[in-house]
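Let's take a walk through this fold together, from the helices to the sheet and on to the ligand. Have the structure open beside you as you read.

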Amino acid sequence: MTIPVRIEPLEVDDRPTAVAMLGEDLDLPRSVSESYTKPHAWDQDWAAWTGDRMVGLVTGGFGDFSDRSAFEHFNLPAAPHAFLYRVFVRPAVREDGVGPQLLKYFMHEAAGRRCTFVVGYLDRNGYVRERRRFFERMGFNIGPDDTFGAQPTAVLEAVAMDQR
Ligand SMILES: CC(C)(COP(=O)(O)OP(=O)(O)OC[C@H]1O[C@@H](n2cnc3c(N)ncnc32)[C@H](O)[C@@H]1OP(=O)(O)O)[C@@H](O)C(=O)NCCC(=O)NCCS
């Protein structure tokens, strides 16, 4: 079953709710959840809602990541690129299609900025195998050292195919 969500930029007043939601995942270091108390220097946050309940978030930024040796493996096409810093779904609503909707939203943001490629690092705590499988199902290639990358269109196609 897919729970339909509304995705919007994370407002300052909703940051305490985001921190509390991230804190529900005991695998996530507290320093990570608390880093959402304030806006990040480079990345933007968007939150997913069902009614007035926050159920997930996606964080990322846009720029030129050609000089990051970690992503050499992907032979990055010309900038701009997108960096997907985190996709997170509230533990109680996982496996209900919220993660794919957050990725779809971020891919539209990236495509709207003419980003040719999206990169990131997979989290290494907890559920590593499940996370790799999820990203592969969503159209990403997994590179060395748990980097991931894909063209926004490849992810949009994978998400569309995935809708059950
Ligand atoms: C990864 C994540 C965003 C997926 O979102 P979702 O809404 O549950 O996605 P879906 O409904 O498509 O499906 C569930 C998939 O997530 C996997 N999954 C379940 N719990 C998970 C967990 N704690 N961490 C990672 N993946 C998990 C399942 O194995 C399933 O994959 P499968 O169908 O191939 O077996 C979500 O599980 C999550 O927030 N995990 C914790 C944070 C994280 O790992 N973020 C990604 C790294 S930045």
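Before we look at how helices pack, one convention helps: axes are lines fitted to C-alpha atoms, for helices over the stretch in contact, and angles run from 0 to 180 degrees between N-to-C directions. Please also keep in mind that this is a predicted model.

With that in hand, turn to α3 and helix α5 (residues 152-162), which pack at an angle of about 150 degrees with their axes 9 Å apart. Angles over 145 degrees count as roughly antiparallel, and α3 and α5 are therefore roughly antiparallel to each other. The crossing in which α3 passes α5 is left-handed. On the α3 side, P100, L103, K104, M107, A110 and A111 make the contact, and α5 answers with P152, V155, L156, V159 and D162. What is the character of the residues in this contact of α3 with α5? They divide into 9 nonpolar and 2 charged, with no polar residue.

Now for the sheet. It is open and has 7 strands, in the order β1-β2-β3-β4-β5-β7-β6, with mixed pairing. β1 (6-9) and β6 (141-142) stand at the edges with a single partner strand each, so one side of each is left without a neighbour in the sheet. At the β6 edge, 2 bridges join this strand to β7 (residues 147-150), and the two run antiparallel. There you can find I142 with its bridge partner F148 in β7.

Moving along the sheet, β2 and β3 pair in the antiparallel sense over 7 bridges, and one place to see this is D45, whose bridge partner in β3 is T59. These two strands form a hairpin with 2 residues between them, and G51 in the turn has a positive phi of about 60 degrees. β3 also pairs with β4, again in the antiparallel sense, over 8 bridges; here L57 has F88 of β4 as its bridge partner. Helix α1 (residues 15-23) lies across β2 (44-50), β3 (53-63) and β4, running at about 100 degrees to β3.

Finally, let's visit the ligand. It is surrounded by 21 residues, and the closest are V89, R94, G99, Y127 and E130. Which elements each supply at least two residues of the shell around the ligand? They are β4 (81-89), α3 (98-112) and α4 (128-137). The largest share, 5 residues, comes from α4. By class, the shell around the ligand has 10 charged, 8 nonpolar and 3 polar residues.

Definitions and conventions
Residues numbered from 1 in each chain as written. Predicted model: local features only at pLDDT ≥ 70, side-chain atom pairs only at ≥ 80, totals over all residues. Near = placed C-beta within 6 Å. Helix = DSSP H or I, 4+ residues; strand = E, 2+ residues; numbered from the N terminus. Nonpolar A, V, L, I, M, F, W, Y, C, P; charged D, E, K, R; others polar. Pairing = 2+ DSSP bridges. Contact = placed C-beta atoms within 7 Å. Parallel < 35°, antiparallel > 145°, perpendicular 65-115°, else oblique. Left-handed = near helix turned anticlockwise from the far one by under 90°.
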